[in-house]
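Reader: I would like a close look at one part of this model. Please take the annotated stretch, then work outward through whatever packs around it. Keep it brisk.

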Amino acid sequence: MRSSLVLLAISAALSSASILPRAAPAPNLPASSFTKFQELSQSDAEAGKDLPPGGFNTTSSRFGASSGAAQTAASAACSAAPNIRIEWRSYSTSDRQAFIGAIKCLMGKPPSGQFPPATSRYEDFVRLHQMWMPNIHGNPKFLIWHRYYLWTFQMVLRDECGFNRALPWWDETLDAGRFAQSDMFTSNDYFGRLAGGGPSCVTNGAFAGLTCNIGPGTSTTTPHCLSRNVDESLTSQCNSGFVNTCNSRGDYASMESCSEGGPHAYGHNGIGAVMSDVSASPSDPVFWMHHSFIDHNFRIWQNQDPARTTTINGNDHFGNPLTMDTIVTVAGIRPDVKISDIMNTMSGVMIGGHPFCYKYSY
Ligand SMILES: [Cu+2]
């Protein structure tokens, strides 16, 4: 009798340990443990210092004639009822809580086993990003891959955690230089506080006490707390002037270079600590909010000219030209797609049973 009571107590302790927050906090790693994203200043961007001599390869690839009709029909169907990503300020309390709750749901689900040593379904995504880091950063595949990665995350929230609502997006230009004052961070219901003066573990909000088992860098054996280390002089670079500088560039690869090294890098480095860890930054759930901003800016650039949804240029990590037939993969979490399927967020192409079909509230 007594021993079975002890067993009950042990199993209760074990099951509660798998629910956030964890009983024993993981260590707070020093700033030196985390890498930084390579930054491109706005003045250097304006001077074109990031551009290769002679510019990027401009041999843009268009749709083949055969895919045109099907593409048009799917896109027309999508236009009738697109999924609209809503800016955080207009995102209802109910939507906010559902979104945060769905992320916590993924963190509480077992890993698929396809991304060892991820310890949860959420960490499958972190490990995928970590494994493929060199291929998907520092080259023009960055924007298109992260577009698909974010959409895949949304689909998994939907199919595995019942999140059937629109995603939020974060207009960082409205919070540039004062990220920490956003209610995303000040409210105890959402992402938890954004503190500075050195990395500190997030101890409030929905992710208080979260342990990150993937990262920093390429490590998979260094459990550490979810930490942040804000530098508002860096977040100030997520301003509309810088976004416009990038979006004034006329070809995809040039715009991409500016966006990646500009507002994208400064947002990561400005939030700091886990978010500045190039390989494993998706460990911080605010990663998805930041990347919604980057994808938004990409979409706004595309809206300036319809040809920007049917052409691409630049080379991938291996030096091969990107074409509309280049494969974009999330390692089986969702089917592989071609760039032509997702270059237009309103393509309506069916992927894994759902149309690729969304736009931004503005
Ligand atoms: Cu990334």
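Author: UniProt, in an unreviewed entry, places the annotation "domain: Tyrosinase copper-binding" on residues 284-295. The model itself is predicted. In it, the span is 83% helix and 0% strand. Its end C-alpha atoms lie 18 Å apart.

The helix to follow here is helix 12, residues 286-303. Two partners of helix 12 are described below, helix 11 and helix 7.

Two packed helices are described by the angle between their axes and the distance between the axes. Start with helix 11, residues 252-271. Helix 11 and helix 12 pack at an angle of about 155°, and their axes are 11 Å apart. An angle over 145 degrees counts as roughly antiparallel, so helix 11 is roughly antiparallel to helix 12. The crossing of the two is right-handed.

Which residues make this contact? Helix 11 contributes Met255, Ser259, His264, Gly267, His268 and Ile271. Helix 12 answers with Val286, His290, Ile294, Asn297, Phe298 and Trp301. By class, the contact holds six nonpolar, six polar and no charged residues.

Now the other partner. Helix 7 covers residues 141-161. Helix 7 packs against helix 12 at about 130°, with the axes 10 Å apart. That angle makes helix 7 oblique to helix 12. The crossing of helix 7 and helix 12 is left-handed.

From helix 7, the contact uses Leu143, His146, Arg147, Leu150 and Phe153. From helix 12, the contact uses Trp288, His291, Ser292, Ile294, Asp295 and Phe298. These residues divide into six nonpolar, three polar and two charged.

Put the two lists side by side. Ile294 and Phe298 of helix 12 appear in the contact with helix 11. Ile294 and Phe298 also appear in the contact with helix 7. His290 is listed in the contact with helix 11, and His291 in the contact with helix 7.

Next, the link between helix 11 and helix 12. Ala273 is found in the loop between them. Phi of Ala273 is near 55°, a positive value in a residue other than glycine.

One step further out is helix 10, residues 240-247. The axes of helix 10 and helix 11 come within 8 Å and cross at roughly 160°. That makes helix 10 roughly antiparallel to helix 11. On the helix 10 side, the contact is made by Phe242, Val243, Thr245, Cys246 and Asn247. On the helix 11 side, the contact is made by Met255, Cys258, Ser259, Gly262 and Pro263. The classes are six nonpolar, four polar and no charged residues. Met255 and Ser259 of helix 11 are listed here, and Met255 and Ser259 are listed in the contact with helix 12 as well.

Beyond the helices, there is a sheet to place. It is open, has three strands in the order 2-1-11, and its pairing is parallel. Strand 2 (168-169) and strand 11 (358-360) stand at the edges, each with a single partner strand, so one side of each has no neighbour in the sheet. Strand 1, residues 83-87, pairs with strand 2 over two bridges. There, Glu87 stands opposite Trp169. Strand 1 pairs with strand 11 over three bridges. In strand 11, Tyr360 is the bridge partner of Arg85.

Last, two backbone details. A cis peptide bond joins Pro116 and Pro117, with omega about 0°. Pro117 sits in the loop between helix 4 (93-107) and helix 5 (121-131). The peptide bond from Gly215 to Pro216 is cis too, with omega near 0°. Pro216 is found in the loop between strand 4 (211-212) and strand 5 (224-225).

Terms used. Residues are numbered from 1 along each chain as its sequence is written. This is a predicted model: local features need pLDDT of at least 70, side-chain atom pairs count only at pLDDT 80 or more; totals for chains, interfaces and linings use all residues. Axes are lines fitted to C-alpha atoms, for helices over the stretch in contact, and angles run from 0 to 180 degrees between N-to-C directions. Helices (H or I, at least four residues) and strands (E, at least two) are DSSP runs, numbered from the N terminus. Angles under 35 degrees count as roughly parallel, over 145 as roughly antiparallel, 65 to 115 as roughly perpendicular and the rest as oblique. A crossing is left-handed if the near helix is turned anticlockwise from the far one by less than a right angle, and right-handed if clockwise. Two residues are in contact if their C-beta atoms, placed from the backbone, lie within 7 Å. Ala, Val, Leu, Ile, Met, Phe, Trp, Tyr, Cys and Pro count as nonpolar, Asp, Glu, Lys and Arg as charged, and the others, Gly among them, as polar. Two strands pair if DSSP finds at least two bridges between them. UniProt positions are given in the numbering used here, feature names are shortened, and annotations may be inferred rather than shown by experiment.
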